[in-house]
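Let's take a walk through a protein together. Have the sequence and the 3D view open side by side, and follow along at your own pace.

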Amino acid sequence: MNHPVEDSYQWPSCATCTRQLWEGELGRQTCRVCQGRTDEDLVSLAGPNGLYATLAATLEPRTGTDNARVSGSRSAPLPLRLEPLSLSARGGVVTVLQTWLVDWHEQLGWTHPRWNGGLQQQLDQVVHALRINLEWAASEHPAFGDFSAEVAALVRSCQRQVTGEKPERRIAVACPCGGTLRVTISTPGARCGGCGTQYARADVLELPLAIRNAA
């Protein structure tokens with residue numbers, strides 16, 4: 001039966017959500033649920049209707065309730081919105097994913113990947129390559145948790161620019177050791193900088209709010 005192993009031995013946990021791995025997942029870096037979520041995040045970025053392509057429509061600042069720019073105006077055009085520009089330009093989403101793929105190639109002893117076409121084509125290429133090798137990375141790459149968290153953060157950033165949603169508010173919660181962790185409602189987990197305790201998402205959200213010490 002495939003169930004979490006209960007023993008006095010400290011069984012490994014998922015590098016992404018920090019939950020204990022199931023019996024059939026032992027030896028992997030990440031549980032299959034988190035692998036599936038990361039795959040969904042990658043899929044949401046790519047393609048002509050993906051989040052990355054949609055960012056282009058958010059570059060121009062809104063000028064009114066109908067979001068239309070006034071034609072024939074003698075004033076200088078409004079500048080592009082910097083937040084979506086930083087995500088869509090070189091150094092943003094595409095470059096972050098390409099950096100991870102280069103790392104995976106180095107881990108596997110493969111030659112450096114090549115990029116063809118413009119940024120949208122490169123985005124689609126790197127997403128395709130990452131998805132092909134996702135099973136290997138989720139099983140063996142020591143930093144898959146960091147990769148998964150970074151992809152999720154890119155997706156959330158793109159979604160906020162596309163929908164106009166404000167960034168999630170961070171709250172300070174208190175670790176029993178006295179340390180403070182700053183988390184959001186959708187945080188996948190957090191590690192206390194004071195004692196090093198790693199909290200899963202459900203556990204960190206159950207911590208009490210941190211109270212500022214009186215002066």
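The paragraphs below go from the overall layout to the cores, the aromatic rings and then a few single residues.

Before anything else, keep in mind that this is a predicted model. The protein has eight helices and four strands. If you read along the sequence, the elements come in the pattern α-α-α-α-α-α-α-β-β-β-β-α. In other words, seven helices are followed by four strands, and a helix closes the series.

Now think about inside and outside. The protein has 215 residues, and 37% of them are buried. Its accessible surface comes to about 13,200 Å², and carbon and sulfur atoms account for 52% of that area. The contacts tell you about the fold as well: among those with a separation of 6 or more, 51% join residues that are 24 or more positions apart.

Next, look for the largest nonpolar core, which has 29 residues. The members that touch the most other members are L42, V93, L97, W104, L123, L130 and F147. Which helices supply at least two residues each to this core? They are α1, α2 (51–54), α4, α5 (119–132), α6 (134–140) and α7. Helix α4 gives the largest share, with seven residues. To get a feel for one member, find V93: leaving aside its neighbours within four places in sequence, V93 is in contact with L45, Y52, L87, L123, L154 and C158. Apart from this core lies another one, of nine residues, and C175, C192, V204 and L207 are among them.

The aromatic rings deserve a stop of their own. There are four aromatic pairs in the count. In one of them, the ring centres of W100 and F147 are 5.4 Å apart and the planes meet at 70 degrees; because an angle over 60 counts as edge-to-face, this pair belongs to that class. W100 lies in helix α4 (residues 93–108) and F147 in helix α7 (residues 144–163), so the pair ties together parts that are 47 residues apart in sequence. Both W100 and F147 are buried. They also belong to one aromatic cluster, formed by W100, W104, W136, F144 and F147.

W104 leads us on to a residue in a loop. N133 is found between α5 and α6. Is N133 buried or exposed? Its relative accessible area is 14%, and because buried means under 20%, N133 is buried. Setting aside its neighbours within four places in sequence, N133 is in contact with W104 and W110.

A charged residue comes next. D41 sits in helix α1 (residues 32–45). D41 is buried yet has no salt bridge. How far away is the nearest side chain of opposite charge? That side chain belongs to R156, and it is 6.6 Å away. Beyond its neighbours within four places in sequence, D41 is in contact with V151, A152 and V155.

Our last stop is among the strands. T184 is in the loop between β2 (180–183) and β3 (189–191). With a relative accessibility of 10%, T184 counts as buried. The C-alpha atoms of T184 and V204 are separated by 9.9 Å, while the two residues are 20 residues apart along the chain. You have met V204 already, as one of the residues of the nine-residue core.

Methods. Residues are numbered from 1 along each chain as its sequence is written. This is a predicted model: local features need pLDDT of at least 70, side-chain atom pairs count only at pLDDT 80 or more; totals for chains, interfaces and linings use all residues. Side-chain values use heavy atoms; hydrogens and water are left out. Buried means under 20% relative accessible area, exposed over 50%, partly exposed in between (1.4 Å probe, protein chains only). Lys and Arg count as positive and Asp and Glu as negative; His and the chain ends are not counted. A salt bridge is a side-chain nitrogen of Lys or Arg within 4 Å of a carboxyl oxygen of Asp or Glu. Contact means heavy atoms within 4.5 Å. Accessible areas come from the Shrake-Rupley method with a 1.4 Å probe; for residues, only the protein chains shown count as cover. Rings of Phe, Tyr and Trp (its six-membered ring) pair if their centres lie within 6.5 Å; planes under 30 degrees apart count as stacked, over 60 as edge-to-face and the rest as tilted. A nonpolar core is a set of buried Ala, Val, Leu, Ile, Met, Phe, Trp, Tyr and Cys residues joined through side-chain atoms within 4.5 Å.
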